[in-house]
Amino acid sequence: MAKKKNQNIIRIQFNFMWIWGAIIAIIIAYSFFGTGRAEPVAGDWNTVEQMIRNGEVERIKVINKNTALVYLTDGAIEEYRNGDENSRFKNIPEHGEQLNFTIGSVDILDRDVKQAIADSGMENNPVTVEYFNETTSWSDMLINTLPWIILIGFWLFFIRSMSRGGGAGGNIMNVGKARAQEFDKDNPNKRVTFKDVAGLAEAKVEIMEIVDFLRKADKYRELGAKIPKGALLVGPPGTGKTLLAKAVAGEANVPFLSISGSDFVEMFVGVGASRVRDLFEQAKQKAPCIVFIDEIDAIGRARGKNAGFSGNDERENTLNQLLTEMDGFQTNAGVIVLAATNRADILDKALMRAGRFDRQIDVGLPDVKEREEIFNVHLRHLKLDNNIDRSFLAKQTPGFSGADIANVCNEAALIAARGDKKCVERDDFMAAIDRIVGGLEKRNKTMSQAERRATAIHEAGHATVMWMLEDCDPVLKVTVIPRGNSLGATWSVPDEERVHVTNEVLEAKLAGMLGGRIAEEVNYGTLGAGALSDLERSTKITYAMVAYYGMSKKIGPISYYDSAGTRDTFTKPFSEQTAIAIDGEVRRILEEAYARAREIIEANNDKINTMADMLLEKETIYTEDIETILGPSAQSKKDATEKADTQAEITSEPATTAPSEATEAEKSVNAKTE
């Protein structure tokens with residue numbers, strides 16, 4: 001137990017800024033508390049002379065022959081402090097000197113003091129005059145110089161902060177220099193080519209023209225062709241846009257300058273535009289050259305739409321300079337600008353026009369073949385089991401980007417290491433996929449037997465409806481192991497060949513989502529809150545069918561989707577009557593899907609309970625287990641029927657036809673079969 005407590009100790013790391021904080025705290029404390037006593041009153045000789053004649057002065061202390069400190073008697077101090085409220089001696093100190101004044105000559109002071117004592121007529125009025133020579137102490141010097149030290153320190157800190165963003169050498173004069181990272185063409189260790197980029201076949205074809213121009217510029221110039229000034233790589237995060245840009249530079253064998261869009265944004269006015277000018281100046285000196293701006297939406301956002309900023313916004317000034325450099329009065333011969341973003345819809349239209357970014361290259365999520373290629377790249381450095389099937393892993397990761405696949409491979413290796421395995425096995429990859437998609441496994445989550453049974457019924461309902469509908473995605477596995485915020489999950493693999501989604505597919509998907517809630521209702525007569533995620537997703541899909549995809553006959557072929565994101569979010573693009581009609585259609589479609597799923601569940605409720613029993617026993621069941629309970633799925637029956645029809649069409653053709661003389665119809669059949 002003691003060892004566990006020691007592991008939870010939070011170690012606080014020292015920070016140099018603490019010293020500055022302590023110094024500031026000391027100064028503030030001294031300002032408020034260090035000078036709490038009353039200050040002596042600045043007087044003159046006439047005032048002091050009258051006090052000597054009244055017998056109120058005890059002694060006078062002369063410092064360095066120019067400053068006199070006057071000490072009054074106790075009676076005089078009490079009389080002045082309790083006297084007239086308007087007197088300037090009301091707040092004289094009780095201890096130490098009460099007055100001070102500047103003297104011109106020590107001899108004259110000594111003479112005047114003796115004369116004032118004589119004029120008082122008091123025999124017992126001894127006023128002593130003492131002379132001292134004092135030097136400034138270290139504490140006084142520190143107090144006097146400490147504020148200046150702090151001001152200088154803050155100034156130096158401010159200058160260093162500016163210099164960090166100022167380019168090479170940390171010089172303040174380099175604050176307007178671009179911090180572009182250069183990848184030298186002569187360094188083979190850092191060179192990236194298209195061989196290092198898995199997948200992205202279409203994007204490579206589109207961008208190869210730029211590479212070919214940089215290699216064989218004379219061929220294009222002879223025909224009068226001009227090189228594209230810019231290409232914009234657009235796609236979801238993690239799809240390899242930055243890696244593809246590096247591969248372009250490696251294939252073209254030219255210098256490559258890489259910079260992020262946020263590197264242009266600075267708190268100082270004019271710095272962003274200055275860095276844009278410096279970046280293109282560097283590129284011209286290295287021409288032919290490629291400039292890559294990652295996350296260009298940081299400075300390329302449409303002008304006039306930055307809420308809270310005026311027309312003199314620093315980002316807009318930076319964008320204006322970028323527009324001028326790319327296609328202004330100046331010529332950038334041999335400089336090609338590549339940029340990457342996942343928000344092309346918010347970029348300024350002037351940036352997207354021909355002559356600046358001439359082409360827009362879509363870098364989308366990889367398909368099953370491309371995912372297999374990406375797995376081959378990331379599995380090269382792992383110690384794998386001999387039975388690992390890369391095509392199987394590619395089929396289990398639909399919708400994964402290249403970065404997601406890299407994460408799957410690394411997570412599988414970590415899981416294998418935690419299990420003290422000698423190599424990474426198939427189960428490790430499946431666990432890694434579950435971990436990334438579903439969240440952390442929570443086997444120790446406290447659940448009663450009744451709750452586990454209800455969860456098993458819920459997931460069995462999903463699986464049964466999806467299994468019985470041919471337009472649903474094939475069911476891969478069902479589990480009642482809690483992960484993340486879910487108590488269980490039904491995993492399905494989207495059909496890779498489906499590129500056109502119809503209303504029938506979406507309606508079947510809605511029925512599958514509602515199957516879990518209906519199974520609980522049929523078996524327990526209650527409605528649980530565990531179907532919140534299912535209801536949320538089904539409602540969003542139904543609303544999209546009606547308001548976006550035009551799949552409602554009552555609403556008609558109308559879409560209220562705003563792809564540009566320019567619509568005011570506070571107003572609806574339709575009237576109140578249309579809103580009522582949309583709500584009615586959404587309710588109708590959901591109720592029809594609900595009735596469709598309920599009919600399937602009521603007809604197969606005994607099989608659902610059998611599947612729930614198997615889930616409680618095994619916790620996770622796969623396609624083979626489901627098939628033993630429900631029989632062949634509707635999807636497999638559909639595939640078998642289509643395959644048989646295709647085979648019948650092939651065998652009905654004459655056998656004497658030579659392969660080289662095949663008709664167009666046979667070619668299409670063969671292509672479909674492949």
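**Close-up views of a predicted model**

**View 1. T47 in helix 3.** T47 is buried, at a relative accessible area of 18%. Buried means under 20% relative accessible area, exposed means over 50%, and partly exposed lies in between (1.4 Å probe, protein chains only). This is a predicted model in which local features need pLDDT of at least 70 and side-chain atom pairs count only at pLDDT 80 or more, while totals for chains, interfaces and linings use all residues. Residues are numbered from 1 along each chain as its sequence is written, and side-chain values use heavy atoms, with hydrogens and water left out. Helix 3 covers residues 45–53. Helices (H or I, at least four residues) and strands (E, at least two) are DSSP runs, numbered from the N terminus. Beyond its neighbours within four places in sequence, T47 contacts R88, F89 and L99. Contact means heavy atoms within 4.5 Å.

**View 2. The five-stranded open sheet.** The strand order is 1-4-3-2-5, and the pairing is mixed. Strand 1 (41–42) and strand 5 (128–132) each have a single partner strand, so one side of each edge strand has no neighbour in the sheet. Two strands pair if DSSP finds at least two bridges between them. Helix 3 lies across strand 2, strand 3 (67–72) and strand 4 (99–102). Helix 3 runs at about 145° to strand 2. Axes are lines fitted to C-alpha atoms, for helices over the stretch in contact; angles run from 0 to 180 degrees between N-to-C directions.

**View 3. Strand 2 and its two partners.** Strand 2 spans residues 57–63. Five of its seven residues are buried, leaving strand 2 mostly covered. With strand 5, strand 2 pairs in the parallel sense over five bridges. R59 has T128 of strand 5 as its bridge partner, and K61 stands opposite E130 in strand 5. With strand 3, the pairing is antiparallel, over six bridges. Here I60 stands opposite V70. The hairpin of strand 2 and strand 3 has three residues between the strands. In this hairpin, N64 takes a positive phi near 55°.

**View 4. Positive phi at E295 and E619.** Most residues other than glycine have a negative phi. E295 has a positive phi of about 50°. E295 sits in the loop between strand 9 (289–294) and helix 11 (297–300). E295 is partly exposed, at 32% relative accessibility. For E619, phi is near 70°, again a positive value. The loop holding E619 runs between helix 22 (605–618) and strand 14 (620–622). E619 is partly exposed as well, at 23% relative accessibility.

**View 5. D112 and W45.** D112 belongs to helix 5, residues 106–120. At 22% relative accessibility, D112 is partly exposed. D112 and W45 are 67 residues apart in sequence. In space, C-alpha to C-alpha, D112 and W45 are 9.1 Å apart.

**View 6. A nonpolar surface patch with W148.** W148, L151, I152, W155 and L156 make this patch of about 610 Å². Patches consist of residues with over 30% relative accessible area and no salt bridge; like charges are joined within 9 Å, nonpolar side chains (Val, Leu, Ile, Met, Phe, Trp, Tyr) within 5 Å. A salt bridge is a side-chain nitrogen of Lys or Arg within 4 Å of a carboxyl oxygen of Asp or Glu. Accessible areas come from the Shrake-Rupley method with a 1.4 Å probe; for residues, only the protein chains shown count as cover. W148 lies in helix 6, residues 138–164. W148 is exposed, at a relative accessible area of 60%.
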